[in-house]
Amino acid sequence: MAAVKTEMKEETTEDQENEIDDVGNDHTEEAKKKKKKKKKNKSAGDNAASKLEEQASTTAAEPAVENGISEGADAGDAEKKKKKRNRKKGGKPQQTDPPSVPIVDLYPDGVFPIGEIQEYAPGKDERTAVNRMTSEEKRAMDRMHNDIYNEVRLAAEAHRQTRKHIQKFIKPGMTMIEICEELENTARRLIGENGLKAGLAFPTGCSRNHCAAHYTPNAGDPTVFEYDDVVKIDFGTHINGRIIDCAFTHTFNPKYDKLVEAVRDATNTGIKAAGMSREKQYSLIGN
């Protein structure tokens, strides 16, 4: 009996040892699996981090995209539209309000508005008047002076735009010197003042009521343009000494409307009645 018990005891001990070995092996395998899993997780985390870094660098390098359109594309489209608008306008710069762009910049081709060409009435010497407008020879001779006419037209356009601006600018209660300074500063900008080559033709005349013409206020002159005043404004521009001179009458009180209308009609009638003379072989009205 003692021998049998001893053998059983030994077998039990071996079985326990085998079980312990199996348990140890199981723990080892589990530890290995966990270790592998950790490595996988770590590598996956590294890959994700590197992808995030790549995306961040790509985002920094590329323009922001919204609704499938990048900011750079938006800027490019805006520039194209702007150019398209300029092409529609003929590519010419536009005048500002108040006017400040020189006339030469508004007409980059150097060809300025012709304005009004007044035909002479036939009068007594019908042949002279007709030939001037119909004879090819006379027209060819006229074209020989186009460079002179073009300079006159440049000065006339500067004068016209200045006059248009100052007629809107003047208000009752302004001093005469304030009106003259605004007029002359505008004319200087538009004519592109340049020494003796371009500029004002003479000091601005700004004459009130009983003063018929040629009154020019000095700095500090306190004279005010009142609501009931009648003021005659006379100014000129020039290119290379070729002068454009024009005056206009300005009022606020409507009681003077008929008077101003009569003077305007008399001026236009006088221009139409002007005829050829030995001293003057052509007539060009540039306003």
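Buried means under 20% relative accessible area, exposed means over 50%, and partly exposed lies in between (1.4 Å probe, protein chains only). The exercises below use a predicted model, in which local features need pLDDT of at least 70 and side-chain atom pairs count only at pLDDT 80 or more, while totals for chains, interfaces and linings use all residues. Residues are numbered from 1 along each chain as its sequence is written, and side-chain values use heavy atoms, with hydrogens and water left out.

**Exercise 1. Place Ala-187 in its surroundings.**

Step 1: Is Ala-187 buried or exposed? Its relative accessibility is 0%, so Ala-187 counts as buried.

Step 2: Find its element. Ala-187 sits in helix H7, residues 176-191; helices (H or I, at least four residues) and strands (E, at least two) are DSSP runs, numbered from the N terminus.

Step 3: List its contacts, meaning heavy atoms within 4.5 Å. Leaving aside neighbours within four places in sequence, Ala-187 touches Thr-162, Leu-200 and Thr-237.

Step 4: Add a spacing. Gln-161 is 26 residues away along the chain, and its C-alpha atom is 8.4 Å from that of Ala-187.

**Exercise 2. Work out the sheet and the helix that packs on it.**

Step 1: Order the strands. The sheet is open, with three strands in the order E3-E4-E5 and antiparallel pairing; two strands pair if DSSP finds at least two bridges between them.

Step 2: Look at the edges. E3 (198-208) and E5 (242-251) each have a single partner strand, so one side of each is left without a neighbour in the sheet.

Step 3: Inspect one pair. E3 and E4 (residues 230-239) run antiparallel and are joined by eight bridges. In E4, Val-231 is the bridge partner of Arg-208.

Step 4: Add the helix. H6 (residues 146-169) packs on the sheet, touching E4 and E5, and its direction makes about 20 degrees with that of E5. Axes are lines fitted to C-alpha atoms, for helices over the stretch in contact, and angles run from 0 to 180 degrees between N-to-C directions.

**Exercise 3. Check the cysteines.**

Step 1: How many disulfides are there? Taking a disulfide as a pair of cysteine sulfur atoms within 2.5 Å, the count is zero.

Step 2: Take Cys-206. The nearest cysteine sulfur, that of Cys-180, is 3.8 Å away. Cys-206 is buried, at 1% relative accessible area.

Step 3: Take Cys-211. Its nearest cysteine sulfur belongs to Cys-206, 9.7 Å away. Cys-211 is partly exposed, at 24%.
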